[in-house]
Amino acid sequence: PKETGHDFLRFARRLGEYGNAERLLQALPSTLHDLVPANTFTVIHENGSHSASSLVIDNGTREPLDPPHLSLRGASESLLSSEQQGPLVIPSVTQETRFPKVLEWFHSHGDRSLCVLPLRTALRQLGAICAGRSLENAFSDDEVALLALAADHAALALDDWLNFAASEQARLQLEDER
C-alpha cells in the first residue's frame with residue numbers, strides 16, 4: 001500500500017509534465033503500465049464529434065499494435081454507456097456476450113479480462129481507458145479502485161491541457177482580429 005501510494009504520486013505528477021494534450025495521450029498508456037501491470041492499455045480520446053480523435057495502444061513491449069477495425073466512438077460508447085458512472089470490469093472476454101467486435105479485438109491481442117474506465121470530468125466525456133490482462137478474473141477490487149482514481153486524474157489533466165489549448169487559440173484569434 002505504501003509503495004502503491006508513492007507510485008500513484010509519481011503517476012499524478014507525470015500527468016502535468018507532457019506539455020500538451022496530444023503528448024499526454026501518447027504517454028498515458030506507458031505511464032499506466034508503470035502504475036499497474038497489464039497486458040495492454042488502450043486509450044480512446046473522443047474529440048466531441050462522431051469519431052474518436054485518437055487511439056493509443058501499448059502492450060508493454062513498446063511495439064505498435066494494429067488498431068481495431070471498428071468505429072472507435074462506437075467502441076467506447078458501447079463499453080461505457082452514458083448511464084455508467086464507474087469502471088466496467090469484464091472478467092472473461094470469451095464469456096461476455098455484449099460488445100462482440102470490441103472484445104474480439106482485445107482477445108486477439110491476448111487479453112482475457114478487461115477493466116474499462118471512463119475518461120470523464122464533471123462537464124464532459126473525454127473517452128475511455130481499457131486495461132487488459134492475459135488471465136480471466138484478473139482485476140482485484142483494489143486494482144480497479146486504483147485504476148479508477150488514475151483515470152479520474154488523467155481526465156482532469158487532459159481536460160486542463162485541452163482547455164489551455166482552447167484559451168491559447170482564442171487569445172491568438174483575438175490578437176489577429178486586433
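The exercises below, each with a worked solution, concern side-chain packing and pairing in a predicted model.

**Exercise 1. Aromatic pairs**

Determine how many aromatic pairs the model holds, and classify the pair F8 and F11 and the pair W161 and F164 by the angle between their ring planes.

Solution. The count comes to 3 aromatic pairs, and two of the pairs are worked through here.

Step 1. The ring centres of F8 and F11 are 5.7 Å apart and their planes stand at 40 degrees, so this pair is classed as tilted. Both residues belong to helix α1, which covers residues 2–15, and they are 3 residues apart, about one turn of the helix. F8 and F11 are both buried.

Step 2. For W161 and F164 the ring centres lie 6.4 Å apart, which is within the 6.5 Å cut-off for a pair. Their planes stand at 85 degrees, so the pair is edge-to-face. These two residues sit in helix α5 (residues 141–177), again 3 residues apart, about one turn of the helix. F164 has a relative accessible area of 47% and is therefore partly exposed.

**Exercise 2. Two cysteines**

Decide whether C115 and C130 are in a disulfide or in no disulfide, and state whether each is buried or exposed.

Solution. Step 1. A disulfide is a covalent bond between the sulfur atoms of two cysteines, and a search of the whole structure finds 0 disulfides.

Step 2. The cysteine sulfur nearest to that of C115 belongs to C130, at 8.9 Å, and C115 is in no disulfide. Seen from the other side, C130 has the sulfur of C115 as its nearest cysteine sulfur, and C130 too is in no disulfide. Because the cut-off for a disulfide is 2.5 Å, a separation of 8.9 Å does not qualify.

Step 3. C115 has a relative accessible area of 0% and is buried, while C130, at 1% relative accessibility, also counts as buried.

**Exercise 3. The nonpolar cores**

Describe the largest nonpolar core, find which elements give two or more residues to this core, and then say what a second, separate core includes.

Solution. Step 1. In soluble globular proteins, nonpolar side chains tend to be buried together. The largest nonpolar core of this model has 33 residues, of which F11, L28, I129 and L147 touch the most other members.

Step 2. Two or more residues of this core come from each of α1, α2 (21–35), β1 (40–46), β4 (113–120), β5 (125–133) and α5. The largest share, 11 residues, is supplied by α5.

Step 3. Once neighbours within four places in sequence are left aside, F11 is in contact with L28, T31, L32, L35, A150 and H153.

Step 4. A second, separate core has 13 residues, among them L88, I90, W105 and C130.

**Exercise 4. Salt bridges**

State how many salt bridges are counted, and work out where the partners lie in the bridge between D159 and R124 and in the bridge between R171 and E175.

Solution. Step 1. The count comes to 7 salt bridges. One of them joins R98 to E96, with the closest N and O atoms 2.7 Å apart, and R98 counts as partly exposed at 40% relative accessibility.

Step 2. D159 forms a salt bridge with R124, the closest N and O atoms being 2.5 Å apart. D159 lies in helix α5, whereas R124 lies in the loop between β4 and β5, so the pair ties together parts that are 35 residues apart in sequence. D159 is buried, with a relative accessible area of 12%, but R124 counts as partly exposed at 34%.

Step 3. R171 and E175 meet in a salt bridge of 2.6 Å, N to O. Both are in helix α5, 4 residues apart, about one turn of the helix. R171 is partly exposed at 37% relative accessible area, and E175 likewise counts as partly exposed at 43%. E168, R171 and E175 are linked in a network of salt bridges.

**Exercise 5. A loop residue and its contacts**

Place T121 in the structure, state whether T121 is buried or exposed, and list its contacts beyond four places in sequence.

Solution. Step 1. T121 lies in the loop between β4 and β5, the loop that also holds R124.

Step 2. T121 has a relative accessible area of 12%; because this is under 20%, T121 counts as buried.

Step 3. With neighbours within four places in sequence left aside, T121 is in contact with L126, A155, L156 and D159. Of these, D159 is the residue that forms a salt bridge with R124.

How values were computed:
Residues are numbered from 1 along each chain as its sequence is written. This is a predicted model: local features need pLDDT of at least 70, side-chain atom pairs count only at pLDDT 80 or more; totals for chains, interfaces and linings use all residues. Side-chain values use heavy atoms; hydrogens and water are left out. Rings of Phe, Tyr and Trp (its six-membered ring) pair if their centres lie within 6.5 Å; planes under 30 degrees apart count as stacked, over 60 as edge-to-face and the rest as tilted. Buried means under 20% relative accessible area, exposed over 50%, partly exposed in between (1.4 Å probe, protein chains only). A nonpolar core is a set of buried Ala, Val, Leu, Ile, Met, Phe, Trp, Tyr and Cys residues joined through side-chain atoms within 4.5 Å. Contact means heavy atoms within 4.5 Å. A salt bridge is a side-chain nitrogen of Lys or Arg within 4 Å of a carboxyl oxygen of Asp or Glu.
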